[in-house]
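Biologist: I would like a close look at a single part of this model, the one where you would check for a cross-link between cysteines. Could you start there and then work outwards?

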Number of protein chains: 2
Amino acid sequence: MNLDERKKKILSSVVEDYIESAEPVGSKTLVEKYHLDYSSATIRNDMKILEEEGYLEQPHVSAGRIPSTKGYRYYVDNLMKERKLSMVEIDYINSTINGFGDVDDIFEQVADVVSKVLSTPTVITRNNTDTIEHIKVVKISDKLLLIVLMSKNGTVKDCIAKLTDVVEDNVIDQMTNILNQNLTGTPLKELHLVLNNVIKKDLKAFSGVMEEIVNSIKYEMSKDLKKLNSGVEQILEKPEFSDVQTIKNFVNMISTKEIIDSALEKSNNNKLSIVIGSENKEVLLNDYTVISLDIEKDNKYLGKLSVIGPKRMNYAKTISTLKYINEKFNNTLKLNKDSKAKGDYSEKRRD
Amino acid sequence: MNLDERKKKILSSVVEDYIESAEPVGSKTLVEKYHLDYSSATIRNDMKILEEEGYLEQPHVSAGRIPSTKGYRYYVDNLMKERKLSMVEIDYINSTINGFGDVDDIFEQVADVVSKVLSTPTVITRNNTDTIEHIKVVKISDKLLLIVLMSKNGTVKDCIAKLTDVVEDNVIDQMTNILNQNLTGTPLKELHLVLNNVIKKDLKAFSGVMEEIVNSIKYEMSKDLKKLNSGVEQILEKPEFSDVQTIKNFVNMISTKEIIDSALEKSNNNKLSIVIGSENKEVLLNDYTVISLDIEKDNKYLGKLSVIGPKRMNYAKTISTLKYINEKFNNTLKLNKDSKAKGDYSEKRRD
DNA sequence: TTTAGCACTTAAAAGTATCGAGTGCTAAAT
DNA sequence: ATTTAGCACTCGATACTTTTAAGTGCTAAA
């Protein structure tokens, strides 16, 4: 596992050249483009050793070398240099994320920007360890209720329940109380289960009304938290997508919820997770790399931002972009709720 | 423009065979597969005339014929037979559209189903002639307001405004009144203009608070009303997408907002609009057909549902699917608001 | 340990040959 | 006047062959 300096230089040059050119890298290229003060024959010998050790691969005998998964991994863990974002990139990010809307909206904006800066598809996943903090029911008209769900980490979700009959105001207040008593502290993930219990316990008292509300909440929560933010147009321009089958597989892969789920699952235990090529459990992802960063604000987990691209992606740029976004969340973005607002609900309800 | 019976039969057979097979149709195929009681030579003569008249095209001299835009147009206007949806299709549609959520949600479900049934991308556009009927501002916590916009046709939209300072309840009531006085009846399309005026007139009185609210509303309204509901995976399996350039162009086209806008604009004056190939103003759409249907309920325009596919799409099936959806809106789906609820706002406001 | 030199391998590009589906036209048949 | 059999012709598609060039691995010398 310990490579001498020259081999390290060769490996990192191969990785970087291949990331840039998408062409297998030959010994001559290395000598000329990178400043390796050795002859091409020497480099060739080293490359052969690097191949035998599993860091490089050769598409065919008369081609240059490309990095293997192990090669990328070594590069990412040991050789990669940090890359600062350029002012242009920073300006672009800052001017596009305006901070309007709820946390979901902002996440969507972020994913959009990231996919543009990196020319690669971006997946966002929102917080799923969050819990319900408070529920509010607002009567919009006689047969229309707006249900607002506020979570501990500051997300606000709302949905509309259509009633079949007119309901008295005090009934709504009673129901709101029931919902709050039963649901406060419930993880969003488990909300549907708890709601089933609520129905069983209290349905009789309020007949169809509660059922409507519960159904609406369930539907709202079932809407997919994972969104794929395009960038597909852009990735298709990359040279690895020059044959029809690759494109089809990629488009299929990226539209298959299960695959995206599996990709994101793997990264659960690390703040910054990099899963390269065949390190992905899912076979269809074996030619791709998934980089995810947990987005946090004030030590609260807001969600995961993931980038899916070819193995040959710009690792340094991707990572620094994600980190910058996380920084931005902590330093400049104000979110829906600041900590001082906590606990206000019970005292000052107006409805 | 008047074709004799035999030529009509030939044209419709060419169109239908080509829709099915995606291969240029030759005279022999026509004689054998369709029951044309003439020799292939006779058919060839007629095909030549149909080509001279512009209904058919020949990719190259030793190939069969494919329909031209004019040919498809004649087929759609004069020859196409109505096609009833199969029970399987109807069941699938009915079981997938559950009617939960607001009108936007239902439209999204519908687009999803349609793209699956037709194996082709579907675009939905929501109502943009609708007007504001009533605005409600709900205080969620000290520094968080929920603004609910109700439109005349029953859409409910809402957004969240984050305040920098705590605001008194009566101030919120005053602001709500101002908003309602100024905005009731405003077309959603023009909302941002009117909001600018509101800021100018009333900003001084309520400083930053109103600005926050107005910005939130603006942002919410600026979110794209047009959504592209995938189906891209499926369309790529069709034989016209067998070369990389076609796929890239298509993916680019379909991700370009301006192109989609232009496609939908054209259909503005008809309930059912069919724009075939080169009839599309936008050059990039010249190989595609856009079919749109205005969705209405109780004579209220809810939005437009559009399907984008290759010229070689199943016109009859597409049209009958769209019509079935419209019917479904009228017969079985209940929406947020029924007409009786109208006018309730002013009398019974609880806030 | 490094390097010059060279034979060798192979994918990709360019060129060539063959095949066959489908045509248009002519002349004969209805 | 209309229809049809017959046939030469065209041209894309497919398969096969040749050429080219990039890059290697090995050997022997520095």
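Modeller: Happy to. Keep in mind that this is a predicted model. Let's begin with A:Cys159, which counts as buried at 6% relative accessibility. Its sulfur has B:Cys159 as the site of the closest cysteine sulfur, but the two are 16 Å apart, too far for a bond. From the other chain, B:Cys159 is in no disulfide either, with the sulfur of A:Cys159 as its nearest at 16 Å. B:Cys159 is buried as well, with a relative accessible area of 6%. For scale, the two sulfur atoms of a disulfide have to lie within 2.5 Å of each other. Searching the whole structure gives zero disulfides over all chains. A disulfide, after all, is a covalent bond between the sulfur atoms of two cysteines.

What does A:Cys159 touch? One partner is A:Ser216, whose contacts, leaving aside residues up to four places away in sequence, are A:Cys159, A:Ile160 and A:Ala161. A:Ser216 is found in helix 8 of chain A, which runs over residues 191-222. A:Ser216 counts as buried too, at 6% relative accessibility.

Another buried serine is worth a visit, this time in chain B. B:Ser115 has its place in helix 6 (residues 103-118) of chain B, and with a relative accessible area of 1% it is buried. Around B:Ser115, beyond residues up to four places away in sequence, the contacts are B:Thr120, B:Thr122, B:Asn229, B:Ser230, B:Gly231 and B:Gln234.

Stepping back to chain A, you will find 13 helices and ten strands there. Of its 351 residues, 55% count as buried. If you take contacts in chain A between residues at least 6 apart in sequence, 59% of them join residues at least 24 apart. The domain assignment splits chain A into domain 1 (5-79), domain 2 (87-121 + 229-346) and domain 3 (132-224). Taken over C-alpha atoms, the centres of domain 1 and domain 3 of chain A are separated by 60 Å.

Helix 4 (residues 69-79) of chain A shows how a buried face is put together. Its buried residues are A:Thr69, A:Gly71, A:Tyr72, A:Tyr74, A:Tyr75, A:Val76 and A:Leu79. The elements that cover these residues include helix 1 (5-21), strand 2 (66-67), strand 8 (272-276) and helix 12 (315-331) of chain A.

Now to the DNA, beginning with strand C. There are 21 residues around DNA strand C, and the closest are A:Ser39, A:Thr42, A:Val61, B:Ser27 and B:Arg65. Of the atoms of DNA strand C that come within 4 Å of the protein, 79% belong to sugar and phosphate. Some of the contacts can be pinned down atom by atom. An N or O atom in the side chain of A:Thr42 is 2.4 Å from a phosphate oxygen of DNA strand C. For the side chain of B:Ser27, the distance from an N or O atom to a phosphate oxygen of this strand is 2.8 Å. A:Ser39 uses its backbone instead, with a polar atom 2.9 Å from a phosphate oxygen of DNA strand C. Helix 3 of chain A and helix 3 of chain B are the elements that give two or more residues to this surface. Helix 3 of chain A gives the most, with four residues. By class, the surface near DNA strand C has six nonpolar, ten polar and five charged residues.

DNA strand D can be read in a similar way. Among the 21 residues around it, A:Ser27, A:Arg65, B:Ser39, B:Thr42 and B:Ser62 come nearest. Sugar and phosphate make up 80% of the atoms of DNA strand D that come within 4 Å of the protein. In the side chain of A:Arg65, an N or O atom is 2.9 Å from a phosphate oxygen of DNA strand D. B:Ser39 places a backbone N or O atom 2.9 Å from a phosphate oxygen of that strand. B:Arg44 reaches a base: an N or O atom of its side chain is 3.3 Å from a base oxygen of DNA strand D. Helix 3 (40-52) of chain A and helix 3 (40-52) of chain B each supply at least two residues of the surface near DNA strand D, and helix 3 of chain B gives the most, with four residues. The residues of this surface divide into six nonpolar, ten polar and five charged.

Notes:
Residues are numbered from 1 along each chain as its sequence is written. Chains are lettered from A and ligands numbered from 1 in the order in which they are written. This is a predicted model: local features need pLDDT of at least 70, side-chain atom pairs count only at pLDDT 80 or more; totals for chains, interfaces and linings use all residues. Side-chain values use heavy atoms; hydrogens and water are left out. Buried means under 20% relative accessible area, exposed over 50%, partly exposed in between (1.4 Å probe, protein chains only). Contact means heavy atoms within 4.5 Å. A residue is near a molecule or strand if one of its heavy atoms lies within 4 Å of it. A polar contact is a pair of N or O atoms within 3.5 Å; within protein, one must be able to donate a hydrogen and the other to accept it, and residues adjacent in sequence count only if both atoms are side-chain atoms. Ala, Val, Leu, Ile, Met, Phe, Trp, Tyr, Cys and Pro count as nonpolar, Asp, Glu, Lys and Arg as charged, and the others, Gly among them, as polar. Domain bounds come from an automatic or database domain assignment.
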